[in-house]
Amino acid sequence: MIYMIRKHKNLLNYSFDCLKRYRMRTAVILITFLVATTMISAVLFTKDGLEREAELSVDAAPDLTLQYLKGGRIELINSTYVGLVSEIPGVEKVLKRTWGYAGIGQYTFVVVGLDPDGLGYSRGVITSLEEGRFLTPEDEGTGNIVIGKLLAHMLNVRVGDDIILLSESVETNKFHVVGLFSDTSSIYTADMIVMSLSDANKFFSMPEGHYTDLCVYVSPTQDPVSVASKMNSIPNLRILDQDLLLRGYKAAYGARGGIFTTLWTILLVAIALIAFSQAIVVGHESQFEVGLLKTFGFSTLDIIEVRLVESLVLGFFATSLGMLLGFSYAAFLNAPGLVDILLGWAYLPREFRLPVYVSLQSVFSIYAVTVIPLLITTVVPAWLNAITDPELAMRRAAA
Amino acid sequence: MRRIVVLPALAIVFTAALMSLAAYSESQWSNHEYDKNLREILGFPSIAIGTNYEGTRNPLLEVFVRSLYDIPGGYDYIVSSSFIDTPMRLVDFRERTPGFNFTAVKG
């Protein structure tokens, strides 16, 4: 037993010594794996974070979102639909919502008008404010707004200030800031201007009795899908449930991340080939060494063990460090260069950081595509060397 | 410490650090419920990215890029960018979006 432990300890020491002796091979593998895993982990961790953020938002979204469809396009929905939908068994509440976009400077902001019934219907206290307060039903039609950090920084406004926004119908609208969303909620609120429903309708010059969409809350005892199925006969209605929203967002972020992952997987294959080529070159150099070791009594398994330990050390060192660097690159630097691939035409306001989620699944996936190929590409040449007749190996190496 | 064990020792340290980070991240995200009340009251399923592109916050369909939005006949949610998937391939779009499934039934 002690002999076995001592033997493996000596083999370990010999492996570690090889890492130092074959400096060029060690450096090539370390650098290439480090770069590849840094990039791929930054993308995967960010993709996972975006997906989780989408999940959180979808979880909190209304059970059903209703839109009016005309000619395959989304149009404003008439208030008569509130009555139609409210009569359906299982529907607890139908809230009207008007929202849209307002361009200010080079940015586009999201203007949201909330139904006063919905403000009273809130299931909890809004704590995501840095300053001021959230809207109440009494704010209906008063011009009071709550704004996100992006707008607050851009216009240098604080709670208590008045701002004038020019609508798309070229009318000036004066608003009074009563609340400012906090940094912690910026990923959700950075671009938002929240106001009452009637203020939003006035800002967007909406026709009387028309809204952007309806939010339907289903009774907790009812299944939203079965309630939605009862709405199928209502004309021109497009029904979105939470499951559909979640699948859509996951498909979008997943596909974007997937394209990048595919490209980097191809690169990883190339890197594995580099590692293989290095192992062959060094293998040629070490043929003499292997022959000598076998003459001294090393078995084929001992030689494979030496190379296996070398690869494991190199693989785990480069991949783990690469993932830590990838995490830092995404979490602290907002992944410049890579984030554009995930966000498409979008931009990322400097007011918030990318959501980064280091999931165990992604970590093990990256290990699987880096360490395992490295093991194969270094152990196979070592095995080929080790099964050669020692005398022949030394003669070939000396020739 | 002998110099030859520096690399293996660092490999263990980095791997342990990464595993700790992953475990911390998992626990943080599993208990992540910030802004739940706010998200409930606003009801937007998306996050505040991509607002240079007008469809970002629109529930679901406009996540798929409206690259041909202004071209007559270019249905915004049928035409997708090359960056992301094609809604036509997604069962949800074909089967569950009213007005989307134009399949003719012979009878």
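The exercises below, with worked solutions, concern a predicted model with chains A and B.

Residues are numbered from 1 along each chain as its sequence is written, chains are lettered from A and ligands numbered from 1 in the order in which they are written. Local features need pLDDT of at least 70 and side-chain atom pairs count only at pLDDT 80 or more, while totals for chains, interfaces and linings use all residues; side-chain values use heavy atoms, with hydrogens and water left out.

**Exercise 1. Confidence**

Task: state which parts of chain B have low pLDDT, and give the scores of the model.

Solution.
1. The model scores ipTM 0.74 and pTM 0.72.
2. pLDDT is the predictor's confidence in each residue, from 0 to 100. Its average over chain B is 61, and 38% of the residues score at least 70.
3. Helices (H or I, at least four residues) and strands (E, at least two) are DSSP runs, numbered from the N terminus. Among the elements of chain B, H1(B) has the highest mean pLDDT (92) and helix H3 (residues 91-96) the lowest (53).
4. The pLDDT is below 50 over residues 50-56 of chain B, a stretch with 29 contacts in the model beyond near neighbours in sequence. Contact means heavy atoms within 4.5 Å.
5. Residues 59-88 of chain B also stay under 50, and here the model has 83 contacts beyond four places in sequence.
6. Where pLDDT is low, the predicted coordinates should not be read in detail.

**Exercise 2. A helix pair between the chains**

Task: describe how helix H13 (residues 360-386) of chain A and helix H1 (residues 6-30) of chain B are placed, and list the residues in contact.

Solution.
1. Two packed helices are described by the angle between their axes and the distance between the axes. Axes are lines fitted to C-alpha atoms, for helices over the stretch in contact, and angles run from 0 to 180 degrees between N-to-C directions.
2. The axes of H13(A) and H1(B) come within 9 Å and cross at roughly 150 degrees.
3. Angles under 35 degrees count as roughly parallel, over 145 as roughly antiparallel, 65 to 115 as roughly perpendicular and the rest as oblique. H13(A) and H1(B) are therefore roughly antiparallel.
4. H13(A) contributes Leu360(A), Gln361(A), Val363(A), Phe364(A) and Tyr367(A) to the contact, and H1(B) contributes Thr15(B), Leu18(B), Met19(B), Ala22(B) and Glu26(B).
5. By class, seven of these residues are nonpolar, two polar and one charged. Ala, Val, Leu, Ile, Met, Phe, Trp, Tyr, Cys and Pro count as nonpolar, Asp, Glu, Lys and Arg as charged, and the others, Gly among them, as polar.

**Exercise 3. Strands of chain A**

Task: find the pairing partners of strands S4 and S7 of chain A, and state how far each strand is buried.

Solution.
1. Chain A has 14 helices and 13 strands. Of its 399 residues, 56% count as buried. Buried means under 20% relative accessible area, exposed over 50%, partly exposed in between (1.4 Å probe, protein chains only).
2. Two strands pair if DSSP finds at least two bridges between them. S4(A) (residues 91-104) pairs with S12(A) (residues 213-218) in the antiparallel sense over six bridges, and Arg97(A) stands opposite Asp213(A).
3. S4(A) is largely enclosed by the rest of the structure, because 11 of its 14 residues are buried.
4. S7(A) (residues 144-147) pairs in the parallel sense with S9(A) (residues 172-181) over four bridges, with Ile145(A) opposite Val177(A).
5. S7(A) also pairs in the antiparallel sense with S10(A) (residues 192-196) over two bridges, where Ile147(A) stands opposite Ile193(A).
6. In a regular strand the side chains alternate between the two faces of the sheet. Both faces of S7(A) are covered, with Asn144(A) and Val146(A) buried on one side and Ile145(A) and Ile147(A) on the other.

**Exercise 4. Positive phi**

Task: locate Ser205(A) and Ala335(A), and decide whether each is buried or exposed.

Solution.
1. Most residues other than glycine have a negative phi, and most peptide bonds are trans.
2. Ser205(A) has a positive phi of about 50 degrees. It lies in the loop between H7 (197-203) and S11 (210-211) of chain A, and is partly exposed at a relative accessible area of 39%.
3. Ala335(A) has a positive phi of about 45 degrees. Its place is the loop between H11 and H12 (339-343) of chain A, and it is buried, with 3% relative accessible area.
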